[in-house]
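Trainee: I want to test the labels on this model against their criteria. Can we go through them one by one?

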Amino acid sequence: GNSTLGFWKYNIAADAWEQLPDVPEGPSGKQVKGGNDMVYLVKNDTGYVYLMKGYKTEFYRFNTLSEQWEAMPNVPYGTRDKYKRGSWLAYDGDQTIFAHQANYYNRGADEHYMFKYDARGDTWFSEGLHGMPLYGLHGGRIRKKKSKDGSEAAYYEGMLFALKGGNTQQFWQYVVAADSWVEIDTMPNYGSSGRKRRVKYGADLVSLGGGAFFALKGNKTDEAWTYLWPLAYGA
């Protein structure tokens with residue numbers, strides 16, 4: 001990131017980093033910065049890292065065996081062909097990658113744009129999905145807020161869980177089978193930093209499994225949070 005093409009891997013056992021072939025410049029000639037994201041999956045016994053390069057709509061995958069990049073079909077888009085900060089990818093562990101386009105939204109539906117990719121056929125579905133809604137809780141009342149920097153998502157058991165980012169507390173759940181969103185428990189304003197901070201740049205979200213998620217709030221804090229999905233514990 002940060003306007004570079006550098007790509008690295010971390011060897012956990014050796015506690016060491018190794019530089020890999022650079023991300024391709026591609027037709028846009030742009031380097032990697034805000035709007036990028038990656039997911040890892042295994043296909044035909046080969047591990048691949050799928051990369052949404054960000055800024056425009058370039059989409060690549062990195063073959064971890066041959067250590068080569070391949071250009072894939074560009075990511076679809078809504079009103080503009082740009083993927084800004086807060087855009088993300090999420091993988092369902094089977095055959096589908098979800099791509100959320102932050103900042104831009106469907107004015108007729110008051111929702112962001114979201115698309116899905118068939119990892120088996122390596123093609124994008126022609127029809128988009130319902131994206132994260134604009135209206136949600138903010139400052140104790142319902143307000144219209146766009147998804148921006150700090151937005152992230154993770155998959156668990158047929159659902160996506162997503163932070164909206166953009167200096168909000170909003171936390172959303174997307175049910176894949178119903179293609180629908182619902183707002184759930186908001187990220188608290190106050191944490192270990194003792195300062196009022198909402199989710200912004202530097203935030204992240206990962207699934208631990210079993211309905212547990214770890215989140216970083218970002219926004220110039222080192223706050224780390226855990227979210228427990230109630231249905232996983234019989235609540």
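Mentor: Start with burial. Arg61 and Asp122 are both buried. Keep in mind that this is a predicted model.

Trainee: How do you know that Arg61 is buried?

Mentor: Buried means under 20% relative accessible area. Arg61 has 10% relative accessibility, so Arg61 counts as buried.

Trainee: Why is Glu70 called partly exposed?

Mentor: The partly exposed class lies between under 20% and over 50%. Glu70 has a relative accessible area of 27%, so Glu70 is partly exposed.

Trainee: What makes Pro73 buried, partly exposed or exposed?

Mentor: Apply the cut-offs of 20% and 50% again. Pro73 has 34% relative accessibility and therefore counts as partly exposed. Pro73 sits in the loop between E6 and E7. Its C-alpha atom is 35 Å from that of Ala14, and the two residues are 59 apart along the chain.

Trainee: Why is the contact of Arg61 with Asp122 called a salt bridge?

Mentor: The criterion is a side-chain nitrogen of Lys or Arg within 4 Å of a carboxyl oxygen of Asp or Glu. The closest N and O atoms of Arg61 and Asp122 are 2.9 Å apart. The pair therefore meets the 4 Å criterion. This pair also links distant parts of the chain: Arg61 is in strand E5, while Asp122 is in the loop between strand E9 (111-118) and strand E10 (123-124), 61 residues away.

Trainee: What makes the contact between Arg61 and Glu70 a salt bridge?

Mentor: The N to O distance is 3.2 Å. The limit is 4 Å, so the pair qualifies. Arg61 and Glu70 also belong to a salt-bridge network with Lys43 and Asp122.

Trainee: Where else is there a salt bridge with both residues buried?

Mentor: Look at Lys217 and Glu223, both buried. Their side chains meet in a salt bridge at 2.9 Å, N to O. The whole structure holds ten salt bridges.

Trainee: How do you know that E5 and E6 pair?

Mentor: Pairing takes at least two bridges between the strands. Strand E5 (residues 59-63) and E6 have five, in the antiparallel sense. The pair therefore passes the test. One of the contacts involves Arg61, whose bridge partner in E6 is Glu70.

Trainee: What makes the sheet open, and which strands are its edges?

Mentor: Four strands run in the order E3-E4-E5-E6, with antiparallel pairing. Strand E3 (37-43) and strand E6 (68-72) each have a single partner strand, so one side of each lacks a neighbour in the sheet. The twist averages 25 degrees from one strand to the next.

Trainee: Which residue classes line the largest pocket?

Mentor: The lining has 15 nonpolar, four polar and three charged residues. The pocket is lined by 22 residues; Asp37, Met38, Val39, Glu152 and Asp204 lie nearest its centre. Its space is about 540 Å³. E3, strand E7 (88-91), strand E14 (152-156) and strand E18 (204-209) each supply at least two lining residues.

Trainee: What is the make-up of the second largest pocket's lining?

Mentor: Two nonpolar, eight polar and five charged residues. Gly counts as polar. Among the lining residues nearest the centre are Gly86 and Gly150, along with Asn36, Arg85 and Glu152. The volume is about 250 Å³.

Terms used
Residues are numbered from 1 along each chain as its sequence is written. This is a predicted model: local features need pLDDT of at least 70, side-chain atom pairs count only at pLDDT 80 or more; totals for chains, interfaces and linings use all residues. Side-chain values use heavy atoms; hydrogens and water are left out. Axes are lines fitted to C-alpha atoms, for helices over the stretch in contact, and angles run from 0 to 180 degrees between N-to-C directions. On a 1 Å grid over the protein atoms alone, a cavity is a set of points where a 1.4 Å probe fits but cannot get out, and a pocket is an open set with protein on both sides within 12 Å along at least five of seven lines; lining residues have an atom within 4 Å of a point. Grid points are joined across faces, edges and corners, and a volume is the space filled by probe spheres set on the points. Buried means under 20% relative accessible area, exposed over 50%, partly exposed in between (1.4 Å probe, protein chains only).
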